[in-house]
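User: I should like to study this protein model step by step. Could the discussion proceed by question and answer?

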There are 4 protein chains.
Amino acid sequence: MTIPTSLTETVAKLRAEVCLLHSELTRWGLVTWTSGNVSARVPGADLMVIKPSGLSYDDLTPESMVVCDLDGTVVDGAHGPSSDTDSHAYVYRAMPEVGGVVHTHSPYATAWAARGEEIPCVITAMADEFGGPIPIGPFALIGSDDIGKGIVETLSGHRSPAVLMRSHGPFTIGKNAKAAVKAAVMCEDVARTVHFATLRGPVQPLPQHHIDSLYDRYQNVYGQRSTPAA
Amino acid sequence: MTIPTSLTETVAKLRAEVCLLHSELTRWGLVTWTSGNVSARVPGADLMVIKPSGLSYDDLTPESMVVCDLDGTVVDGAHGPSSDTDSHAYVYRAMPEVGGVVHTHSPYATAWAARGEEIPCVITAMADEFGGPIPIGPFALIGSDDIGKGIVETLSGHRSPAVLMRSHGPFTIGKNAKAAVKAAVMCEDVARTVHFATLRGPVQPLPQHHIDSLYDRYQNVYGQRSTPAA
Amino acid sequence: MTIPTSLTETVAKLRAEVCLLHSELTRWGLVTWTSGNVSARVPGADLMVIKPSGLSYDDLTPESMVVCDLDGTVVDGAHGPSSDTDSHAYVYRAMPEVGGVVHTHSPYATAWAARGEEIPCVITAMADEFGGPIPIGPFALIGSDDIGKGIVETLSGHRSPAVLMRSHGPFTIGKNAKAAVKAAVMCEDVARTVHFATLRGPVQPLPQHHIDSLYDRYQNVYGQRSTPAA
Amino acid sequence: MTIPTSLTETVAKLRAEVCLLHSELTRWGLVTWTSGNVSARVPGADLMVIKPSGLSYDDLTPESMVVCDLDGTVVDGAHGPSSDTDSHAYVYRAMPEVGGVVHTHSPYATAWAARGEEIPCVITAMADEFGGPIPIGPFALIGSDDIGKGIVETLSGHRSPAVLMRSHGPFTIGKNAKAAVKAAVMCEDVARTVHFATLRGPVQPLPQHHIDSLYDRYQNVYGQRSTPAA
């Protein structure tokens, strides 16, 4: 497979965007050394743009991003793609509404994953962003479809754009790569706050009707409040 | 309502000041992604200057700040105002001495809020800045006057310029926006230190007469020690 | 009192040094907003150079540093001196070997201070730098000699250059201001590590003879290993 | 001993590399003040390049790095070598496959060392990098061969490139200095995550066959996925 000429410009823009979004992973402390990766679906093609494997975040450039098809085969790129490419690809194949996928080992979220304990929805910011608890996905080894399957099974029909893969770490999805990065950033933020909160005793989850109300409002109103005509 | 011509310069200065103060929220680690907002009352008018909704901190400019009246209606600005605008507005209407309001989800303070547990006054820095414990406000949903009411009810007649809204996070007030930002920064600082201190057992609050003495001195003497004439 | 002409250059150098050392407090996360201060004794005179009160760390310049006599009276400076000036002055009067004093509310050290619990000497880095536990000083209110007295009483004859003033925070001393800053940095470092270590159960202090051996070596050998002649 | 002329260029490159790698220690928060050091073996000679003792990280330059023989005697350099030079030298003498050694007092790893508790292998990232738990080495005083012996005894035949020397801190090894630095960075990363995870209860280690599978894959496949011919 090759990149259709009509998508040359789209792919170039996505390379730049995916490259830049990795700097949000370092800025918010989600990644260590070369762990963590961002990908974006190429709209209008069975392609994605993803981080190269094993490169330092300092050395990432738009050109070093790798274009793969949705089986994880490299279509364009001088480097090998992220070792998590197959998992990203599985998600894009199974969830057509997903335009971006992010994986990190961010420390607080990974600590919940290590215990296999979902993050309970105890603060309004979690209700806003995740619409409830952040769920645990199954334990799965890298190197087959198991991680991708686990992500899709857990997140299909779930409000949360984040899943904590058991004993591994968070994967997040979004309508585009930026939304998936935001979900990764907020996932670590609430994982940290709820970790602090629950260290000194149990904390009551928010009542479901409050969660529903907060989630509905945040998804439909936030950031779009009407502005004056001029 | 429009901005009176006599206040054009004042509003321009406040736009710049409110914009700049958001960099203190990121510098001290109080905010994640686009959470958190600062506002300032416009002295001499029923107006305030507040952060636009949903913009990244990197993209804030003085021009992007939004001017609203004290009902939360936009008077001047190309963006919609913060989703917390109604809460800020309520505080300005009810507490004429307040010139600045700040809201964050800073992690340690929000952890206390999630437990609904006031921060006990166990260190002299807390007595200095807050004059006692940092209180818990009621649980309130966004989208009505409830948050604003909860802030005002809790802080009216209270020494603390900070309230931890239950299951939500801190709101702080000040005579101006900078003072409210300082209160937000110090609130997270003491929330963190007291979190650490109490993780390994109960800590005795300071005796009330020591708190009174420290608070009185800090509010009236600190930063104003006499200097030589030349 | 005035600055002797013979010391003009010395004082100018100390103003620059004390100003610069404050950037180490922010770099290592020891201070929040304007809390925390560094001073240096002026060798050959009953004078010291100290941080101005209430100024932001960004705004510190060598010129803004304040020269005081050892009663805390301002001798030269456009700003009022730190509110902790009297405590620094007391230490310089009582301990002639001390050339620098630092005070912070660094979070982990202050957490130990809030509990009134000395930091046990459980790691070799603590034996190296502090020669044993970091002791707790008495509770003392600002505004008299009590804090200074508490520091001097606790540290006189003690190996540790750091004391945790009860319910307040750490004060550190050194042969010069840089050494006192290093002690403040290392105090927070070990306060943090020992906090982490003891969160999950008691940790045995190092045997005294190991502490003695490590302390002796570090104070007498470290940083001075012989180098080749050319 | 002197540096053979044939190695002049190699040594110059290693000085620059070792110098630069220290910036990774500060970037990832592994070191405080002057603690922590990196060394590299000089291939083809019984020499190593190591950090000078007691210099601030800001002041390190390639020229300030010290060349020592594998008994720890300085061969070239204007400064004394790190006080941990003898330990590095011992490791190079005993483990010919090791090309780099790193020592830090990174806080989470040192907390495990203070308790004398190995870090259990509870997350896939640990299986990848360390192939099992990170072991505890014996308590040993600086100033003899004891630390070096303890490192070698613990790591010989062990998958982990990191050892937590009891009551002291982590030492890591690698085929070169960069690999040893990576091991130090990842050691602190997993020490932190597993600290968080285990604070709220016991966490089950991964089954051995999963650890074996992950370790094998990571060591042999990661970063080397095949790329297209052009």
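Analyst: The discussion below moves from the conventions to the chain copies, the sheet and a helix. This is a predicted model, in which local features need pLDDT of at least 70 and side-chain atom pairs count only at pLDDT 80 or more, while totals for chains, interfaces and linings use all residues. Residues are numbered from 1 along each chain as its sequence is written, chains are lettered from A and ligands numbered from 1 in the order in which they are written, and side-chain values use heavy atoms, leaving out hydrogens and water.

User: What kind of axis relates chain D to chain C?

Analyst: A turn of 90° with a shift of 0.0 Å along the axis lays chain D on chain C with an RMSD of 0.0 Å (superposed by least squares on the C-alpha atoms of residues with pLDDT of at least 70 in both). That relation is the one given by a four-fold axis.

User: Which residue of chain D has the C-alpha nearest the axis?

Analyst: The C-alpha in question lies 5.4 Å from the axis. It belongs to D:Leu199.

User: Which strands stand at the edges of the sheet in chain D?

Analyst: Strands are DSSP runs of E of at least two residues, and helices are runs of H or I of at least four, numbered from the N terminus. Two strands pair if DSSP finds at least two bridges between them. The open sheet has 8 strands with mixed pairing, in the order S4-S3-S2-S1-S5-S8-S7-S6. Each edge strand has a single partner strand, so one side of each is left without a neighbour in the sheet; these are S4 (74-76) and S6 (136-137) of chain D.

User: Is strand S1 of chain D enclosed or open, and how many of its residues are buried?

Analyst: D:Asn37, D:Ser39 and D:Arg41 point one way from S1(D), while D:Val38, D:Ala40 and D:Val42 point the other way. Buried means under 20% relative accessible area, exposed over 50%, and partly exposed in between (1.4 Å probe, protein chains only). S1(D) is largely enclosed by the rest of the structure, because the buried residues number 6 of the 6.

User: Which residue of S2(D) is the bridge partner of D:Ser39?

Analyst: S1(D) and S2 (residues 47-50) of chain D run antiparallel, joined by 4 bridges. They form a hairpin with 4 residues between them. The bridge partner of D:Ser39 is D:Ile50.

User: How many residues of helix H5 of chain A are buried?

Analyst: Among the buried residues of H5(A) are A:Ile147 and A:Leu155. The helix is largely enclosed by the rest of the structure, because its buried residues number 7 of the 10.
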